[in-house]
Amino acid sequence: MKSVLLIGLGRFGKNIAIQLNKLGHDVLGVDHNEDRVNEAMDIVTDAQIGDSTNEEFLRSLGVNNFDICYVTISNDFQSSLETTYLLKELGASFVVARAERDGQERFLLRNGADRVVYPEKQIAKWAAIRYSSNHILDYIELDEKHSLYEVTVPESWVGKTILQLDIRRKHNITIIGLKKDDTMSFMIKPETVLTNDMSLLVLGEYKELQKCFRF
């Protein structure tokens, strides 16, 4: 369990609070809007009304005592920048800030953010990849080059074993899991025969995955 300071209780901040609550973390929610604070009382451990660009207010929260500080302020980038800067100045150990537009990430990083999330852009990319190809079931981008995909078994692979396909040598891709009947198995054996009711969890460079699975 971690202690979390969540600044900004708009739609995105509220959804972050809901997930943190489900994970069992202690969350102090902060917003300048009293209605938002009242609406969040059931999903945070505690909540306060206040201006996060006010140094004395932030200092009173003891920001250096939190494991993570989220800045999820909506529609006020100047306040996001000021809040991010003040959090680091006051000793916050780890700050995650939200970007809403292209170009905001670099400014947030320069002002002290340890990580920046851009939910609209990230979800748009996920949805474009996920739903534009029928055989892609899910994916996670690990870095600029590498990704983890869940894909259906290509028709030409059905009935063949992992050993016969020799996927790692031929395609530079690693199968790390097999899913069947909603159950994922990570015990991959060379003699495992692939069937069309399976899906594969595959890891590799994006360009190699794209070439192999034609998405």
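**Entry 1: two loop residues**

I began with Asp182, which lies in the loop between β9 (174-180) and β10 (183-185). I kept in mind from the start that this is a predicted model. Asp182 is not a glycine, and yet its phi is positive, at about 65 degrees. I noted this because most residues other than glycine have a negative phi. I then asked whether Asp182 is buried or exposed. Its relative accessibility is 72%, so Asp182 counts as exposed.

I looked up Asp166 next, which sits in the loop between α7 (162-165) and α8 (167-171). Asp166 is not a glycine either, and it has a positive phi of about 50 degrees. Its relative accessibility is 27%, and therefore I wrote Asp166 down as partly exposed.

**Entry 2: helix α1**

I turned to α1 and checked its length: its 12 residues should span 16 Å at 1.5 Å a residue, and the end C-alpha atoms are 17 Å apart, which agrees. Which residues of α1 are buried? I listed Gly13, Ile16, Ala17 and Leu20. These four cover an arc of only 100 degrees around the axis, so they lie on the same side of α1. To understand this I recalled that an α-helix has 3.6 residues a turn, so residues three or four places apart point the same way. The buried residues of α1 pack against β1, β2 and β4, whereas the face turned away from the buried side carries the exposed residues Arg11 and Lys22. After α1 comes Gly24, whose phi is positive, near 85 degrees.

**Entry 3: helix α6 and the hairpin**

I examined α6 (residues 119-132) in the same manner, and found that its 14 residues reach 20 Å from the first C-alpha to the last, close to the 20 Å expected at 1.5 Å a residue. Pro119, Ile129 and Arg130 are buried in α6. They cover an arc of only 120 degrees around the axis, which puts them on the same side of the helix. On the face turned away from that buried side I found the exposed residues Tyr131 and Ser132. What covers the buried residues of α6? The cover includes α1 (11-22), β5, β6 (115-117), β7 (136-141) and β8 (146-152).

I followed two of these strands further: β7 and β8 run antiparallel and are joined by five bridges. A hairpin of four residues leads from β7 to β8, and Ile136 stands opposite Val151 in β8.

**Entry 4: the nonpolar cores**

I looked up the largest nonpolar core, which has 24 residues, and noted that Leu5, Leu58, Leu61 and Leu87 touch the most other members. At least two residues of this core come from each of β1 (3-7), β2 (26-31), α3 (55-61), β4 (68-71), α4 (77-89) and β5 (95-98). Another core lies apart from it and has 20 residues, among them Val153, Ile167, Val202 and Cys212.

I then went back to Leu87 and, leaving aside residues up to four places away in sequence, found that it touches Leu5, Ile7, Leu58, Val63, Cys69, Val71, Ala92 and Val95.

**Entry 5: Gln104**

My last entry concerns Gln104, which is found in helix α5 (residues 104-110). Is Gln104 buried or exposed? Its relative accessible area is 7%, under the 20% cut-off, so Gln104 is buried. A polar atom of its side chain lies 2.7 Å from the backbone nitrogen of Glu100. Not counting residues up to four places away in sequence, Gln104 touches Phe77 and Ala99.

Conventions: Residues numbered from 1 in each chain as written. Predicted model: local features only at pLDDT ≥ 70, side-chain atom pairs only at ≥ 80, totals over all residues. Heavy atoms only, no water. Core = buried A, V, L, I, M, F, W, Y, C linked by side-chain atoms within 4.5 Å. Buried < 20%, exposed > 50% of the residue type's maximum accessible area, 1.4 Å probe, protein only. Contact = heavy atoms within 4.5 Å. Polar contact = N/O pair within 3.5 Å; in protein donor to acceptor, adjacent residues only side chain to side chain. Expected span 1.5 Å × (residues − 1). Arc of directions from axis to C-beta. Pairing = 2+ DSSP bridges.
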